[in-house]
Amino acid sequence: MMHRPFMFSRSCKDLSFSDLESVVFSSGVDGDQGKAKNDGSLEETRRQDGNPFASGWAGMLPELLGEIIQRVEASEDKWPERKNVAVCGCVCKQWREATLKVVNRALANNPGTITLPSSLKKPGPGESPVQCIIRRDKKNASFYLYLALTSSFTDKGKFLLAAQRYRNGPHAEYIISLDAEDFSQGSKAYVGKLRSDFLGTNFLIYDSQPPYNGAKPSSSKSGRRVANKQISPQVPSGNFEVGTVSYKFNLLKSRGPRRMVCSIKFPSSGMATTNESQDAPKMKNMKSSSHEYTVLKNKAPRWHENLECWCLNFHGRVTVASVKNFQLVEASDPSQPDWKGHDETVLLQFGKVGDDIFTMDYRHPLSAFQAFAICLTSFGTKLACE
């Protein structure tokens, strides 16, 4: 019985996160057209649930269904096998709801596990980082994020997100999507964007969905997605600011890597955060009862006497020297003189391993989406900061 739910067509098993977002978790399926009567009729279930993969399995007892999906989730703990957990959500509305319940329960016990599109905006694990690969396409100004499945930098891995750079007047914008070929802000595959200033030294990170209850979309023109008449009423018309990245000017042209500061907003959850930072004078004050934020700064490198260069220990995950390489740690809190932060715990590291191949390793409290957006800021020339 454990294997029967997966007697689907090959096309279902090969669904990307973008396909899952449309087929499994789209708000249209959750509406009136997505209500199944669970009468055992294949055609009736398909018609009302709007899902071509639905079958008589829709009438299974909830207790038995939950037990099956829970066992699948526990046994398929890594990709590519873990796609079977996502496939469970493709059967019908009942299976989708049961899958979401099991996956969310598993995330509480094992943070950082990537299963569904929503997992990309969940914090990574606290113990060991999630290892990813970013591939750059210079010709199309595109960037692709993959979950590393092996230790080899040449393996393609599991596709997670894609981004494309556009010029918007004097500014540059990176549109981040679940679909490697669809970068429309009116698409359901759209997950957020990154916007730079004229010099490319200050960035704003926008999320397509409210990061916490009560969050208000950005009121600025740049924070809007597209005109309301151009998108479905089910798609929010605004973006939600969730973070900033700032690169410090290097007017004296001193040697060393770029200096950067990140301020990332999170829902209030009791975790340790900083309220202000001397390293981030340009950061906006994001204090609120419903959210808090963490300030990150790049880890200071050490000077290697023999090599006569600045060095950081990337533990074999970076092999090419580049000004783009960085490691981020939690910044000190000036309001607490005795608290020095977790200066040795690298929360995000990014570095070059090939002409257009980079590694990205992140951990709690950052999500894959936030980490990817921060890494995108490293691309491009910053003459005043180098």
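These legends describe close-up views of a predicted model.

**View 1. The whole protein chain holds eight helices and 14 strands.** The chain has 386 residues, and buried residues make up 51% of them. Its accessible surface comes to about 19100 Å². Carbon and sulfur atoms hold 50% of that surface. Among contacts in the chain with a separation of 6 or more, 58% are between residues 24 or more positions apart. Several views below show such pairs.

**View 2. Helices α5 and α7 pack against each other at an angle of about 50°.** Helix α5 covers residues 62–75, and helix α7 covers residues 93–109. Their axes lie 9 Å apart. The two helices are therefore oblique to each other. Their crossing is right-handed.

**View 3. The contact of α5 with α7 draws on residues from each helix.** From α5 come Pro 62, Leu 65, Gly 66, Ile 69, Gln 70 and Glu 73. From α7 come Gln 94, Trp 95, Ala 98, Thr 99, Val 102, Arg 105 and Ala 106. By class, seven of the contact residues are nonpolar, four are polar and two are charged. A general rule helps in reading the spacing along a helix. An α-helix has 3.6 residues a turn, so residues three or four places apart point the same way.

**View 4. Helix α8 is mostly covered.** This helix runs through residues 368–376. Nine of its nine residues are buried. The run starts with Ala 368, Phe 369 and Gln 370. Ala 371, Phe 372 and Ala 373 follow. Ile 374, Cys 375 and Leu 376 complete the buried set.

**View 5. Arg 136 sits in strand β1.** The strand spans residues 130–137. Arg 136 has a relative accessible area of 17%, so this residue is buried. Its contacts, leaving out residues up to four places away in sequence, include Ser 142 and Phe 143. Lys 324, Asp 355 and Asp 356 also touch Arg 136. Phe 358 and Phe 379 are further partners. Phe 379 is 243 residues from Arg 136 along the chain, yet their C-alpha atoms are separated by 9.7 Å.

**View 6. Pro 125 lies in the loop between α7 and β1.** Pro 125 is buried, because its relative accessible area is 15%. Neighbours within four places in sequence are set aside here. Pro 125 is then in contact with Pro 111, Gly 112 and Val 130. Arg 363 and His 364 touch Pro 125 as well. Tyr 362 is 237 residues away in sequence, but 8.4 Å away in space, C-alpha to C-alpha.

**View 7. Pro 217 lies in the loop between β6 and β7.** Strand β6 covers 202–207, and strand β7 covers 240–247. With a relative accessibility of 42%, Pro 217 counts as partly exposed. Pro 217 touches Gly 238, Asn 239 and Phe 240, not counting residues up to four places away in sequence. Pro 217 and Glu 241 are 24 residues apart in sequence. Their C-alpha atoms are 7.2 Å apart in space.

**View 8. Two peptide bonds that lead into prolines are cis.** Most peptide bonds are trans. One cis bond joins Trp 79 and Pro 80, with omega about 10°. Pro 80 is in the loop between α5 and α6. Helix α6 spans 83–88. The other cis bond runs from His 364 to Pro 365, with omega near 15°. Pro 365 is in the loop between β14 and α8. Strand β14 spans 357–362. His 364 also appears in View 6, as a contact of Pro 125.

**View 9. Ala 141 and His 315 each have a positive phi of about 55°.** Most residues other than glycine have a negative phi. Neither Ala 141 nor His 315 is a glycine. Ala 141 is in the loop between β1 and β2. Strand β2 covers 142–147. His 315 is in the loop between β11 and β12. Those strands cover 309–311 and 326–330. Their cover contrasts. Ala 141 is buried, with a relative accessible area of 15%. His 315 counts as exposed, at 65% relative accessibility.

Note on methods:
Residues numbered from 1 in each chain as written. Predicted model: local features only at pLDDT ≥ 70, side-chain atom pairs only at ≥ 80, totals over all residues. Heavy atoms only, no water. Axes fitted to C-alpha atoms, helices over the stretch in contact; angles between N-to-C directions. Helix = DSSP H or I, 4+ residues; strand = E, 2+ residues; numbered from the N terminus. Parallel < 35°, antiparallel > 145°, perpendicular 65-115°, else oblique. Left-handed = near helix turned anticlockwise from the far one by under 90°. Contact = heavy atoms within 4.5 Å. Nonpolar A, V, L, I, M, F, W, Y, C, P; charged D, E, K, R; others polar. Buried < 20%, exposed > 50% of the residue type's maximum accessible area, 1.4 Å probe, protein only. Areas by Shrake-Rupley, 256 points an atom, 1.4 Å probe, with all protein chains shown as cover.
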